[in-house]
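Visitor: I would like a quick tour of this model. Where should we begin?

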Amino acid sequence: MSDEALRADDAHASRERLTLTATDRLARTLREDANLDRSRSGAPVWEAPRIAGFSRWLIDTWTAGWPDAQLLSGTQELVLWRDAVERDELSSQLLAPLAAAREARRADQLLRRHAIDLESTPAWSDEHQVFRRWRRQVARRLQQNHWLTSADLAGEVARLIGEGSIAVPEAIDLVGFAAAALPASEQAVIDALIARGTQVQWIAASALRPRVQRCVLPDPESQWRFVCADLRERLRTADPPPRVVVALADPDGARELGESVLRGLLAPWAMTGEGPAPWRWERGRRLSEHPQADALLALLQLRPEDNAPELASRVLLSAALWTESERALTARADEALRDRGWPRIRLARVIEAVHESLRPRFEELARRIAQAPSRALPSEWGAHFRALADALGWPGSEALDSSSYQAVKALRGLFDRLGTLDAQLGRVPQASARDWLSELARGAAFAPRVEHAQPVLITSLDEAAAMSCDLLYVLDASAAQVPVPARPTAFVAAEALRAAGVPEAAPETWLARTQAQVARLLGGCAPEVYVCVPAVDPRGAPQQPSTLFGAADAWTRVEPARSIGTLESALTRAAPALEWPDRDIVPPVDETERTALRADSGLFRAWFESPFFAFCRYRLGVEPLPQPPRGLDARVQGTLVHRALEDLWGELRDSAGLAAIDDDALSRRIHARLDARLAALLPATEFGAVTRAIERARAHDVVLQWLRHERTRIDPFHVERCELEARPVVASLPLSLRLDRVDRVETPLGERWLVIDYKTGREADQRGWRIDQLREPQLPLYASHAATLAAGIPQVDGICFGHLKDGHPALVARTNWRKLLRSDPPADTHGEWNEDLVRWRGVMEQAARGFLDGEAWLDPRVGARSYYADLLALTHALPDDEASA
């Protein structure tokens, strides 16, 4: 199909058809799939697919008409309900007015969504009657101020559609809905669309015949370990990784246990909580639970007088406010305050206790606290709170990781969101404004954006039932948790809710809803489904599988593998069962194994650290689990620079060509070469435009700095080879190597040949070429064995690290004609250089023979800072004399 036809097809589809989904998550998934299909079909451009969540579409449709009313946020609605609760004559009898306001708002949303006329329902109890009073007051303020609640939105949109005030699409596909279970207000929207001529089609889930396994695990932790054991191999080998959903009846309640097991077994590098992880929770944690939020809310509670000791400690010991050195000082101040034993602490006491270097910040905080008015608008309090945070230096002076940076940005946004409550709250005291700031932080779900793939989604049963995936795990499928306990409201008569078809109002309707949900999970979500239930609950009490997922004889008892933890802990647990022979000889490499070997320069690097590492990596094939990178993969970044330089030297050819071009022209050439390589290394289907632009700019700067640096080389040079493959044989060991670059250099002492290896990492140290500490054997190997064979050059006269470090490019060389390529006078050091070549050749051949002969001893000096430190876990189960034998 031509590009014009594709664009016309997109435009035609966008005019005629709209897809609405039951959840926003399903809408995002369908949009991603549609865009991926278009990209794979070869379309260069296309219109964004018209797919939206039903609730999002209601908001967009309503706001497109420039309505006079204001749509309230959830917090703004809660303010109205709390005000109504506190003004009521019975408010003094309530233990938790805010909790009552939350429950009243939930009951009101239920009434509005299901179009229930409260005045026509019976009011049997005191709760029914007080709720009516609260609701009348809220309704009065909504009407007076032209405010609209989120639960009113569907009814308002249905009215506008019926009046013809809103344009409607020609056709709508409804995906992920249960047609018979829509609330009355949402069904009214569908009916109004049909009445206006819109063709509405309910898209049923594809009928699958999945492989369902029902497993009983010993305890709650075991089911998470079972999932990890199954996922590790799938995520490691599949490309692209499968789309995985983990569904739970109570995701928030299972988060702590699930997170700890996942980090320990599926991503042990993320044990600190900050590393990249391949999973995400559909609903993030409350923003108020983040350490940065705790520090902010604590410092905002400080008063000139009457501070609780624990509040002072929260501020003084906060890792979010102080650097490591400052924390040592604030810890001493906290200790001094606690030693005094004051039941309440004045802020002046804190100022006296802290170190003099921190005292100005606390004094500025005290000054700003003293300037606070008695009452002000929430927006004014937001500005005041921002000033208090700045006075104490929140969020501290240390560089923030990505998660903390995003949390701080979200918390700063709360100061502005507090101002949206001006109309509802009016002028309030500081404590009230601070409480509402805390409520905003509590109500905000925080899930930091990440730069790595997260193929595993952990969500609720409701969300999972509306989705499609490759693999589904249903956890905690016990009779105690499925069906999920219903939450009928005590503020409305149960018979009124049952008459309106509210599912949670009656056991039979709630059961029917759950049965439909389970049928979807087992028959339409994924081709492979695991349903897991612990034999005991977290308290140790026995529990039974939910019969909704299968009869008792359909379940299989499973014992999770003992060795799915970290390799170290698995070997440690298994150690008592091992038997050690008197002598465990590693067999030499035979002809069959030698033919299958895929050895490169890395084998020698591992060998010179310790032969045991070379044995593990190149004979046993032991590899660490791949770690999702933070941001772009460093290997991709390095390859982009290598390929761009290869292309540039193909044009420039030598130092004269480099000198003849000015920086502007050189910059344009670099951009052109990077653009030619970006499409393959950073495809637009996988990386966003901003990411590609940032990496393009970074690589351009690095390459330009490097070429400017190479202009300063004293001796003229010709680039003879780039990215040269070589397959030498060292002492019968076949190798596969790639040389970055070979230069022919015109020196005062005659023609010389230089082998260059680009380094884009942090270090490039020629001390790694020393015979007694050969930590960087790659260039010595090239010089002694590979370059003359592959490039056809008469000899190698020097080796050089080309260190392409942003801001600090460097040529780190060892040659036989000068010490420094940019400033040193020539000096004939043929003798020393030839001795180095002979020694390098000798140790390389000795290492190759040792590897082939089966040497696999471990150098006892190797420690945790080794490049191969992960392999040390394999030695922890060995007796001490075996490890160093």
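Guide: With a pair of helices. Note that this is a predicted model. The crossing of α3 and α7 is left-handed.

Visitor: Is the packing of α3 against α7 parallel, perpendicular or oblique?
Guide: The axes of α3 (residues 54–64) and α7 (residues 153–163) lie 10 Å apart and make an angle of about 50 degrees. Angles from 65 to 115 degrees would be roughly perpendicular, and those under 35 roughly parallel. The angle fits neither range, so α3 is to α7 oblique.

Visitor: Which class of residue, nonpolar, polar or charged, has nine members in the contact of α3 with α7?
Guide: From α3 come Trp 57, Leu 58, Ile 59, Thr 61 and Trp 62, and they meet Leu 153, Ala 154, Glu 156, Val 157, Leu 160 and Ile 161 of α7. One residue of this contact is polar and one is charged. The class with nine is nonpolar.

Visitor: Which elements give two or more residues to the lining of the largest cavity?
Guide: The count is one cavity of 30 Å³ or more. The largest cavity has a volume of about 30 Å³. Its lining is Pro 309, Ala 312, Ser 313, Asp 334, Leu 337, Arg 338 and Ile 345. Set against the helix ranges, the elements giving two or more are α12 (309–316) and α13 (324–340).

Visitor: How many residues of that lining are charged?
Guide: Four of the lining residues are nonpolar and one is polar. Asp and Arg count as charged, and the lining includes Asp 334 and Arg 338. The number of charged residues is two.

Visitor: Where is Pro 395, which follows Trp 394 through a cis peptide bond?
Guide: Most peptide bonds are trans. The bond from Trp 394 to Pro 395 is cis, with omega near 10 degrees. Pro 395 sits in the loop between α16 (378–392) and α17 (402–418).

Visitor: What is omega for the bond joining Val 482 and Pro 483?
Guide: Pro 483 falls in the loop between β13 (471–475) and α21 (494–499). The bond joining Val 482 and Pro 483 is cis, and omega is about 5 degrees.

Visitor: What is the phi of Ala 115?
Guide: Ala 115 is in the loop between α5 (97–113) and α6 (126–145). Most residues other than glycine have a negative phi. Ala 115 has a positive phi, near 50 degrees.

Visitor: Which residues does Ala 856 contact, leaving aside neighbours within four places in sequence?
Guide: Ala 856 is placed in the loop between α32 (830–853) and α33 (880–883). With those neighbours left aside, its contacts are Val 586, Pro 611, Phe 612 and Phe 615.

Note on methods: Residues numbered from 1 in each chain as written. Predicted model: local features only at pLDDT ≥ 70, side-chain atom pairs only at ≥ 80, totals over all residues. Heavy atoms only, no water. Helix = DSSP H or I, 4+ residues; strand = E, 2+ residues; numbered from the N terminus. Contact = heavy atoms within 4.5 Å. Axes fitted to C-alpha atoms, helices over the stretch in contact; angles between N-to-C directions. Parallel < 35°, antiparallel > 145°, perpendicular 65-115°, else oblique. Left-handed = near helix turned anticlockwise from the far one by under 90°. 1 Å grid on protein atoms, 1.4 Å probe; cavity = no way out; pocket = protein on both sides within 12 Å on 5 of 7 lines; lining within 4 Å. Points joined across faces, edges and corners; volume = space filled by probe spheres on them.
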